[in-house]
Amino acid sequence: MASPQAEYVKIVEEMFEKKKEFWLIGQYVQRWDALSKILGKAKFTADYAYLFKNLVYVYSVRAKYAHARIKKIDVSEAEKVPGVLKVVTYKDIPGVNDVGYVLPDQPLLAYEKVRYIGDIVALVIAENPYIAEEAAEKIHVDYEPLPVITNPLDIVSFGGLKEKEHTLIHDERGSDVIARFRILKGDVKKGFEEASVIVEGEYRTQFQEHAYLEPEVALAIPEPDGGVTVITSTQCPHEARRAISRVLGLPYTKVRVVVPPLGGGFGGKEDVANEIGAKAALAALITERPALVVHKREESIIGHSKRHPMIARYKHGAKRDGTLTAVEAEIILDTGAYASLGPFVLWRAIVHSAGPYKIPHVHTEGVAVYTNNVYAGAFRGFGNPQITFAVEQQMDKLAEELGMDPVELRLKNIIRNGDRTVHGQLLDHGVGLEEAIKKAVEAADWFSKRKRYASQTGTLRKGIGIALLWHGNSIGAEGADYSSVTLIINRDGSITFRTGLTDFGQGSTQGLLMIAAEILGVPLSYFRVEQPDTSTTPDAGPTVASRSTAMGGNATLVAAYKLRQRLNQVAADILKCSPDDIEIHAPEVYCRSDPSRKIRWIDLVEECFWRGVPLQEFGYYRAPKAVWEDETGQGEPYFTYTFGAIVAEVTVDMETGKVKVDRVVTAYDIGKVINRVGAELHAEGGTIQGIGYALMEELVHDQNGRVLNPNLYAYYIPTIMDAPGEIIPVWVEAGYRRGPFGAKGLGEPSINGIAPAIANAIANAIGARITSLPITPEKVYLTLKRLGKISL
Amino acid sequence: MYIPKSIDDALEYLDKHAPDALPIAGGTDILIQIREGKIRPKVLVDLSGFRNKLSYVKRVNGKVVIGALASVSGLDETFLVKDKRYLGFADVSAKFASPVLKALATIGGNIGVAVSASDYVTLLHVLEAQVKLVSVKGERIVPLEKLIVEKRTLAKEPNELIYEIIFSESPENSSTAFMKFDRREMIITGYVTCATYLQLENGIIRDVRIAFDRVSGRIPGRAKKTEEFLKGKEFSLDVIRQAYNEVLPTEMKRKSDYRASAEYRLDMSKVMMKRALLKAKSRIEGGV
Amino acid sequence: MVQVEEYPEITITLNVNGKDYTVNVKPYERLIDVLRYKLGFLSIKEGCGRGECGSCAIIMDGKLVPSCLVLAIQARGRKILTLEGIAPPGKLHAIQKALLDTYAMQCGFCFPGVIMASYYLLSKNKNPTEDEIKYALSGNLCRCGSYLRFVKAVKLAAEYIRKGQVYFDLKK
C-alpha cells in the first residue's frame with residue numbers, strides 16, 4: 001500500500017468521506033436497455049445476420065477422438081462440394097495459431113494433436129449452413145489415437161501433488177501441471193498438536209456448464225483496408241481484439257470488435273470470443289464476404305470452457321472452545337484440454353482456500369492439471385464456489401464435533417475490522433462479515449429453526465444451513481488492473497457514456513450511469529450508453545471478476561467528478577456564488593444559498609462550449625498493485641473483499657432423496673448498494689444458478705472423453721418450478737474507502753455460498769453429509785439407506 | 001416434404017415411398033433425430049393438417065377412443081383429465097416435457113417414438129390399450145403391448161399409420177395414477193416412471209395393473225408377477241411393501257448409467273409404485 | 001443429411017401478426033429461420049434448437065409452439081403471433097408493462113419466449129395462481145434467474161387486464 005496517491009485515488013476517497021446524502025444511489029431504477037429488450041427490438045449478435053445479404057457460413061469440424069495425433073488432414077473432397085467456398089486448416093492461418101487467454105497453449109485449428117472432442121480440425125466455409133455441415137463429412141483426417149485421460153488423479157496424486165507418469169497431453173510444454181499456488185503460514189503440524197478436535201474430508205465438485213441462453217455467435221465483416229470488423233457476443237472486446245489480431249497477423253487498428261447485448265455470459269464468454277471471433281474473421285478475410293459463425297447448443301456445450309471440477313482434501317483443527325488452530329488442504333483443479341483462465345482460477349481458489357477466518361497455521365496447496373476433458377475456464381465464482389463448498393462443510397463438521405452451533409463457531413473465528421487475513425493482509429475497515437451473519441441469522445430465524453428441526457419424524461425432513469463467503473474484488477495479482485470510461489456532455493445537454501465494459505444481463509453499466517448521474521446532478525434519461533466497441537469505447541479491462549462496479553465505477557466517478565468541478569466553476573462564475581454552493585438538479589442549476597440565482601442546464605452547457613471549457617472527460621482508475629509471494633501466499637492479493645452469509649432452508653424427501661430448496665436468505669456486504677435492482681437480481685439469480693450447481697447440474701464425460709449430456713434436455717439447469725419459494729436479500733454496507741461511494745462487487749459472490757449452505761442444510765435435515773456435487777437425489781437416498789436411516 | 005390432401009392420400013404415398021418417406025405429426029421427436037443426424041428420410045409426409053380430423057376423444061360402445069393426432073394439450077381439454085378413473089392422463093400431462101411442447105406433441109407420436117420415456121405408453125399399458133393401424137390394405141387392431149417390441153421398434157409396416165388408441169372403459173370403483181420424478185421438476189426424462197391401475201372393492205384389490213418405464217428391457221412394460229401377488233389381497237402398506245420387496249425384484253432388472261445406478265432405479269421403482277397405488281386409492285375414495 | 005440442392009423451393013404464405021407474407025422456403029427450413037432471417041421477426045430467439053428451452057416460443061393458431069421444431073411448410077395458412085404483434089404500435093401489452101414494473105429484466109434473451117408463454121396463459125386463465133404461473137412458464141429457461149419476478153409479473157399483468165388495462169402507452 002505504499003504507492004503514491006494518484007489523483008484518481010484521492011478523488012475516490014474524497015467522495016467516500018464527504019458524500020453522505022444521495023438522491024439516486026441505492027434507488028430502484030429501470031435499466032437503460034429494458035424497453036428495447038421488452039419490445040424484442042434489442043439486437044443480439046445473431047440478429048445482425050438479418051442485415052447482411054452476402055453471408056458465408058462457417059462450420060467447425062471437430063475432433064473424432066479426445067486425444068490423438070493428427071497424421072494427415074485431407075480436405076480435397078470437401079472443397080469440391082458445390083456451394084463450399086473454402087475449407088480452412090491450420091496451414092491457412094496468416095498469423096499465430098493460438099487463442100489461449102493466459103497461456104499460449106490453445107491452437108485455433110489443430111495441427112499436430114487433438115486434445116479434447118471439441119478441438120477444431122477444419123473450418124468449412126459455405127454458402128449455407130446445411131451445405132457446410134454436409135461437406136464436413138467429406139473431410140478425412142488420419143488420427144493416431146492416444147490414451148485418453150479423464151481423471152485428474154491420473155495426472156497428480158494426493159500427498160504432495162506430484163505429477164505422475166502418463167502420456168503427456170501437452171508434450172510441447174513438458175508437463176501437464178499448468179500452475180501451482182499455496183498459502184504457507186506458521187506450522188500446521190504444531191497447529192494440529194494444539195487442536196482438541198480434528199476433522200478431515202474429501203470434497204468433489206463437478207464440471208458446470210454456463211448454459212447461457214444465447215449460444216456463441218460471431219459475425220465478421222471484411223473492411224476495405226484489409227481489416228475486419230467482428231460483431232460478437234463477448235465479455236472482453238479488447239481481449240478478443242488481441243487474440244483475433246494475433247491469429248490474423250494484423251495490427252489492433254485493423255481489427256474492430258463490436259459487442260451487442262449478450263444473452264448471458266457468466267464467464268463463459270470471456271475467452272471463447274477469441275476462438276469464434278478468429279474463425280469468423282478468418283473466413284471473412286479469405287472470402288471477402290461477411291462471415292457468420294453460430295454454435296448450435298451441443299457445439300456450445302462441448303466447445304467452450306466450463307467450471308473447473310475440484311477434488312480437495314481438507315483437514316481442520318480447532319481447540320475445545322472452537323478457535324481454529326490449523327487448516328491443511330490439497331486441492332486439484334481439472335482444467336481440461338487447455339488452460340484458458342485456469343492459472344487464475346487456481347490462484348483465486350488458493351487465495352480463498354481457508355475461508356474468511358483467522359487461522360494461525362495454514363498450509364493449502366493447489367495445482368491445476370490438464371486432462372482430455374472439455375477445457376475449463378472462467379465461470380462466475382472462479383474457483384471460489386468449489387473451495388467454499390469444502391471449507392464451509394468442514395466448519396460445520398467441526399461444529400458437530402464440538403457440539404457447537406455452526407453460527408457460534410463461525411462468529412468465533414471470522415475476521416473483523418483490524419484483523420489480518422491468512423495472507424497477512426490487514427483489513428482495517430470494510431469487513432462487514434459479522435453484520436452479514438447477524439442479519440442473515442435474524443432474517444432466517446436461525447436459532448428457533450435449528451431447535452425445531454433437531455427432532456423430526458416422517459418422510460419429509462426440513463433442514464437449515466449456513467455458509468459464509470468472501471470474494472476478492474477484481475483481478476488481484478492476475479495482471480494490471482485498470483478501467484476507463486468516457487463521459488461526454490453533448491451540446492444539447494444529453495450525455496454520451498462510453499465504456500468497454502459489456503453487459504450480459506448483470507446490469508452493472510446501470511450502476512455506472514447512476515454514479516455519473518448522482519455526481520453530475522442529472523437525470524438518467526439524459527444518458528445514452530454506447531455499445532462496447534474497440535474503436536470507440538475505451539479499454540475498461542475485461543468484464544469479469546466482479547470488477548465492473550468497483551473499477552468501472554471508480555473510473556466513472558473520477559470522470560463525473562472532474563466534469564462537475566468544471567461545471568461548478570462556470571456556473572459559479574455566472575451566478576456569482578462559490579463553486580461549492582452550486583446545486584445541479586437538471587434541468588435546473590442554482591445557488592444553494594440563494595435559489596433565485598439560477599440557470600438552465602442546457603444554458604450552462606452552452607456557456608461551457610462558448611468559454612472553451614471541455615465537457616468530455618476520460619475517467620481512469622487503476623487498482624493498487626496486488627502483492628503476492630509465490631512461496632508463502634503472503635501479501636495483499638485483492639484490494640478489498642465482498643463478504644456474505646447465506647442461510648438456506650430445504651425439505652428432503654427421505655424416500656427419494658429429492659431436495660427442495662424452500663427459502664434462501666442472502667446477506668452480502670457490498671460496501672454500498674448502488675443499483676438496488678441489479679443487486680437484488682444478483683442475489684436471486686446467483687441463488688438459482690447456485691441451486692443448479694448444488695443439486696442438479698453435471699457435465700459428464702465417458703472414459704473416451706465424450707460428453708454424454710451435451711444438450712439442455714440432459715444437462716439440467718433449474719426451471720421456474722425449481723426456484724425456492726422465497727429469496728430474501730439483505731444488505732450490509734461496510735464501505736471500502738477506495739470503492740465508488742464505498743461499493744464492492746457482487747457478480748460472483750452471489751453464487752459462492754449457495755451450494756455449501758444447501759449442503760449444510762441437507763446435513764441438518766438428514767443427519768448425514770454428502771461431500772460431492774451435485775447432491776443428487778440418488779446420493780442422498782443411498783447415503784440414508786447405507787446408514788439405515790431409511791428402509792423401504 | 002409431401003403434403004397429402006387426405007389421410008388416404010398419405011397412406012398411398014407411404015405405401016409407395018416408405019421407408020424413404022416418414023410421417024411427421026408434431027415433429028418434436030423426428031426433427032431432433034434428423035438434427036442429430038440419426039435418421040435421414042428423403043421425404044416427410046406432413047400429417048399436421050389432419051389434426052382437426054384425428055384429435056377426438058370419444059366414448060363408443062364402452063370403449064374410449066382417442067385419435068392419434070390428439071395433442072397433449074388437446075387431451076387436457078377432454079374428459080380424460082376430469083374423469084376420476086382416467087386421472088393418470090392428468091398426471092402424465094403435468095410432467096410431460098414442457099408446456100411449450102404440449103400443443104405440438106401428439107399421443108400417436110408418443111407411441112411411435114416407443115422409448116422408455118414415452119409416458120403415454122406406460123400409462124396406456126395399465127389400461128390395456130389397443131392401437132388401430134391403417135394402411136392402403138385396410139386397418140388392423142393390435143394390443144399396444146404387442147406393437148412395441150423394442151426401443152424405437154414397432155411391429156408395424158413402414159406404410160402403416162397409427163390411427164387410434166382404444167381402451168375399454170374402466171369400472172367405477174377404479175382409478176389410474178402416474179408418477180415421474182427427476183433432479184428437477186420439468187423437462188425431465190424421469191429416473192423411473194410408474195403407472196398404476198387399481199380397482200378396489202371393500203378395501204380388497206379387485207384388480208391392479210402396474211407398468212414402469214422399464215421392467216427388464218428398454219421399453220415400458222408391466223410388472224405382471226407383482227400384479228398377481230397383489231390381486232385379491234387387502235390394500236395395505238404392508239402388502240404393498242411385500243409386493244415391491246419380494247416380488248418386484250424378481251421380474252425387474254434395472255441398468256446403471258451415468259444418470260443413476262440400477263440400485264437406485266430399483267428402489268425408486270418401489271417408491272413410485274407405492275405412491276402411485278396410494279394416489280389411485282385416494283382417487284377411488286373420492287379425493288384427487 | 002441428403003444433398004440439399006436437390007430440393008426445390010416452395011412458395012408459401014405465412015400469416016404473421018395479422019398480415020400475410022409470401023416466402024419461398026425449402027422443405028427442410030424451420031419456421032424460426034424463416035420468421036427471423038426471411039421476414040425479420042428477430043424477437044424470436046434460438047437457444048437450443050430442440051424445443052427444450054422455450055426461447056423460440058410463438059403462438060400458432062392460438063397454441064404455444066416452439067418455432068424451432070415447426071417446419072416452415074407446416075405453418076402455411078396458420079395464424080402466427082410473435083412478440084412484435086402482441087400490442088399495437090406505440091403500446092405495451094400488460095405483460096410487458098408488468099415485467100418492467102417488477103424490474104425483471106436481466107439479459108433479456110429469454111424474454112420473448114417468456115412473454116409469449118405468459119400471454120398464452122393469460123389468454124386462457126384470467127386469474128392464475130402462483131402454481132399455475134410456474135407451471136405455464138416451466139418450459140422457459142432463464143439462466144440469469146429472474147424466475148421469481150416472472151411470477152410476480154404475470155400476477156400483476158392479470159390484475160391489469162382484469163381492470164381493463166390491456167395496453168399501456170409507451171410514453172409512460
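I began with Arg78(C), which has 21% relative accessibility and so counts as partly exposed. The cut-off for buried is under 20%. I note that this is a predicted model.

**Arg78(C) and its partner**

I looked up what Arg78(C) pairs with and found a salt bridge to Asp61(C), with the closest N and O atoms 3.2 Å apart. Arg78(C) sits in the loop between β4 (63-66) and β5 (79-81) of chain C, and Asp61(C) in the loop between β3 (57-60) and β4, so the pair ties together parts 17 residues apart in sequence. Asp61(C) is partly exposed because its relative accessibility is 38%.

**A pair in chain B**

I next checked Glu169(B) and Arg85(B), whose side chains meet in a salt bridge at 3.5 Å, N to O. The two come from distant parts of the chain, 84 residues apart. I placed Glu169(B) in the loop between β9 (161-168) and β10 (174-181), and Arg85(B) in the loop between α3 (72-75) and α4 (88-94). Is Arg85(B) buried or exposed? Its relative accessibility is 8%, so I entered Arg85(B) as buried. Glu169(B), at 25%, counts as partly exposed.

**Strand β10(B)**

I then moved to β10(B), the strand that follows the loop of Glu169(B). Eight of the eight residues of β10(B) are buried, so the strand is largely enclosed by the rest of the structure. In a regular strand the side chains alternate between the two faces of the sheet. I sorted the residues by direction: Ser174(B), Thr176(B), Phe178(B) and Lys180(B) point one way, while Ser175(B), Ala177(B), Met179(B) and Phe181(B) point the other way. Both sets are buried.

Which strand does β10(B) join through eight bridges? I found β11 (residues 192-201) of chain B, and the two run antiparallel. For one end of the pairing I noted that Ser174(B) has Gln199(B) in β11(B) as its bridge partner.

**Salt bridges in chain A**

I looked at Lys190(A) and Glu194(A), which form a side-chain salt bridge at 3.5 Å, N to O. Lys190(A) is partly exposed, because its relative accessibility is 41%. Glu194(A) is also partly exposed, at 35%. Elsewhere in chain A, I recorded a network of salt bridges that links Glu392(A), Asp396(A), Glu400(A), Arg410(A) and Arg769(A). My tally over all chains came to 108 salt bridges.

**Chain A against chain C**

I turned to the contact between chain A and chain C, which takes 61 residues from chain A and 53 from chain C. The two chains bury about 4,900 Å² between them, with 64% of it on carbon and sulfur atoms. Which three residues supply more of the area that chain A buries than any other three? They are Ile38(A), Leu213(A) and Ile720(A), with 17%.

I counted five salt bridges between chain A and chain C. One I looked up joins the side chains of Glu684(A) and Arg149(C), at 2.7 Å, N to O. Polar contacts across the interface come to 16 residue pairs, both residues being at pLDDT 80 or more.

On the chain A side, α2 (34-38), α4 (129-136), α8 (297-303), α17 (676-695) and β32 (726-732) each supply at least two residues. I noted that α17(A) gives the most, with seven residues. By class, I listed this side of chain A as 34 nonpolar, 13 polar and 14 charged residues.

Methods
Residues are numbered from 1 along each chain as its sequence is written. Chains are lettered from A and ligands numbered from 1 in the order in which they are written. This is a predicted model: local features need pLDDT of at least 70, side-chain atom pairs count only at pLDDT 80 or more; totals for chains, interfaces and linings use all residues. Side-chain values use heavy atoms; hydrogens and water are left out. Contact means heavy atoms within 4.5 Å. Buried area is the accessible area (1.4 Å probe) that two parts lose on being put together, summed over both. A salt bridge is a side-chain nitrogen of Lys or Arg within 4 Å of a carboxyl oxygen of Asp or Glu. A polar contact is a pair of N or O atoms within 3.5 Å; within protein, one must be able to donate a hydrogen and the other to accept it, and residues adjacent in sequence count only if both atoms are side-chain atoms. Helices (H or I, at least four residues) and strands (E, at least two) are DSSP runs, numbered from the N terminus. Ala, Val, Leu, Ile, Met, Phe, Trp, Tyr, Cys and Pro count as nonpolar, Asp, Glu, Lys and Arg as charged, and the others, Gly among them, as polar. Buried means under 20% relative accessible area, exposed over 50%, partly exposed in between (1.4 Å probe, protein chains only). Two strands pair if DSSP finds at least two bridges between them.
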